[in-house]
Amino acid sequence: MMPPPVPSSAPLSPPPGPSSPTLLGYLWRWLLGFPFVVRVRGLAMGTVSWGRAMVTAVPFLWLLLFFGLPFLVVLKISFSQAVIAQPPYTPLVEWLDDGVMTLRLSFQNYLLLAQDSLYWMAYFNSIRIALIATVCCLLIGYPMAYGIAKAKPAFRVPLLMLIILPFWTSFLIRVYAWIGILKNNGLLNNLLIGLGLIDEPINMMHTDFSVLVGIVYSYLPFMVLPLYATLSRMDDSLLEAAADLGCRPGKAFLTITLPLSMPGVIAGSMLVFIPTVGEFVIPDLLGGPDTLMIGKVLWTEFFSNKDWPVASAVAVATLLLLVVPIVYFQKVQEEGAKRAEEARK
Amino acid sequence: MPVAQGARAQQHSLEAWQDPKARPIVSIEGVTKAFGDHYAVDNVSLEVFQGEFFSLLGASGCGKTTLLRMLAGLETPDSGHIYIDGADMTHVPPYRRPVNMMFQSYALFPHMSVEQNIAFGLKQEGASKAQIKERVSEMLRLVRLEPYAKRRPHQLSGGQRQRVALARSLAKHPRLLLLDEPLGALDKKLREHTQFELVNIQEQLGTTFIMVTHDQEEAMTMSTRIAVMDEGRILQIGSPSTIYEYPATRYVADFIGSVNLFDGRVTGGADGQVFVHCDEVGATMAIAHGEPLTAGTPVSVALRPEKMTVTDVKPESDVNVLRGVVSEIAYLGDVSIYYVALPNKTLVHVQLTNLARHTSSPLTWQQEVWLAWEPENGVVLQT
């Protein structure tokens, strides 16, 4: 992922070469705009203190070590070819006897992704399920967050605890529990038959429905918490002002509360959507053989087919696919922070 | 009733609140509101008339804001009734009242432009686009914010936001405008300027204003009448001058302006005057008072600092004269303030206007002086 160019506060020296905006000049300025470059230049010129640089260096190094480097490894593997060997892929760089280095980049994996409809379908289905799950989380989570935000202060902390409490149990166990609830002779079917509402068990397990239930259940807190944060910060006098100006409560919700809670809606939706696209555990446990999701495809390529290069290509493509919503999320967050700062002034 | 009430009544005979035939636009009857076991508003009754600029004045927590919010419909009284324009509004929700409010925090909608904020109330009425546009530009003109129509609230200064809030609350032609500390968030200089601006707008539109404030100067400057509140009750309602010159209680006298209070007992009376003996000071004071009081009644005598004279020569009269020594002098340019210590160490606050230019004050520290006042310049307060 490319960090967006940030205008440097430090005065920039003129770019080398012609000062007219050539492609090279643009590129140079763009490179200087990188936060990392800005900081290093700032250190060299004495405009950024060492203490400050150290504070940002720690998370930067963390990301470099545990995200940047592994991603480069995956990227490298995605350009190789599968072989039955240890490791199970061809090296990119080879030294020949006479001091010649060869670099072999194979684009076959990416071609396969583009040509085989399986991958297209998996990507499409992952995004479809993630979208439906996000909308469901929003529809369930918004009233919950609203209720907590409007509850008496003494009730808010216990209610929030109830949202967070499931995290204290293993995620895996909680997903397994849904099997017991949804299976044909499970809790829900037995209850419905016992009540006489149905005669035969409804087949819910191993369908898109069970996957959605699992995802919505698991990711609901990630929707509720940012929504609660925005809703609880909202000034009640705005609703009073709306009522005073002749606006009925229902309309006031639509014209005041909802638009003002959009940062929370977007943050919550991103927190649900992004991890759901790549979700593997839930479709694996609750989904059926025909539940096609990219996380499952990746797992199959990696562990069943032992095709590391294709698995890597799938991973890289997933990441690129998610860059768009992530960058958008980042932008919204930044704008929200900027607006909050302006409001404080 | 204070003695000069008759004179004032004559002077203001045209004011609506003294016209028995006038019908009040707002009438609050025995309204009580409690939060838990704390009475925020305790059996309050008052009437406000068309075109008035009425202030609810009191320290924080006196119930003035709760009373205002009940007028807006944002709180419901526990008992009592609120009539606006003759209609019982006690349980009518805020969105159906012919009343608008300007909030202390302004409560501007942050996601709407200045224009959209002002248009919000009109849209709820279902006004046509052309009507809304016309009214919004009229309001922008009124508060001189035409160039800022497209801005968002966070792009405005505090004073500009205040004017947007005013324009928004006036846009719907309310019968009654409620203002909750409208100038509270402005700095001192802007506040003084805005006071006059607000009064001008009120006079221009003829809308009835009810304002909540804790600032007595603000209330005095802007209001036609003031209701002084304390602990959920109304202590006195009257014009600024009545409240200042004829405070009804010790609290009112103390809250509005500075005052010297002497506790004593009534010893007798004659010719519309009451004689009060103050043991502490060891003096008997003759104070004008409308009705005779029975001897022995405990009372307080209130004397405003500017209503006394201080001289270094003993006055001829023995009545209403106190001897003391100058303890502190503050020269403020237009006036000088003297703190005179009486023999019992009580400090009396006296204010003299510096009329002549170069008079070095004849009074100096630790000098023996005499304080004197006319019977009409004091007020007897029953405790």
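## The main core

Let's start inside this predicted model. Its largest nonpolar core is made of 112 residues. The members with the most contacts inside that core are Leu71(B), Ala167(B), Leu178(B), Ile210(B), Val276(B) and Val301(B).

Take Val276(B) as a sample. Leaving aside residues up to four places away in sequence, Val276(B) touches Gly264(B), Arg265(B), Val266(B) and Thr267(B), along with Thr284(B), Met285(B) and Ile287(B). The list for Val276(B) is rounded off by Val299(B), Val301(B) and Val380(B). So one of its partners, Val301(B), is also among the core residues with the most contacts.

## A second core

There is a separate core too, with 50 residues. Among them are Ile77(A), Ala149(A), Met205(A) and Val272(A). As a general point, nonpolar side chains in soluble globular proteins tend to be buried together.

## A look at chain A

Chain A has 345 residues, and 26% of them count as buried. Its secondary structure adds up to 15 helices and two strands.

How do contacts in chain A span the sequence? Counting contacts between residues at least 6 apart in sequence, 68% link residues at least 24 apart.

## Where the chains meet

Chain B puts 18 residues into the contact, and chain A puts in 16 residues. On the chain B side, the elements giving two or more residues are strand E6 (99-102) and helix H3 (114-125). H3(B) supplies the largest share of that side, with four residues.

What classes of residue make up the side of chain B that touches chain A? That side has 10 nonpolar, six polar and two charged residues.

Methods
Residues numbered from 1 in each chain as written. Chains lettered and ligands numbered in written order. Predicted model: local features only at pLDDT ≥ 70, side-chain atom pairs only at ≥ 80, totals over all residues. Buried ≥ 20, exposed ≤ 12 C-beta atoms within 10 Å, placed from the backbone. Contact = placed C-beta atoms within 7 Å. Core = buried A, V, L, I, M, F, W, Y, C linked by C-beta atoms within 7 Å. Nonpolar A, V, L, I, M, F, W, Y, C, P; charged D, E, K, R; others polar.
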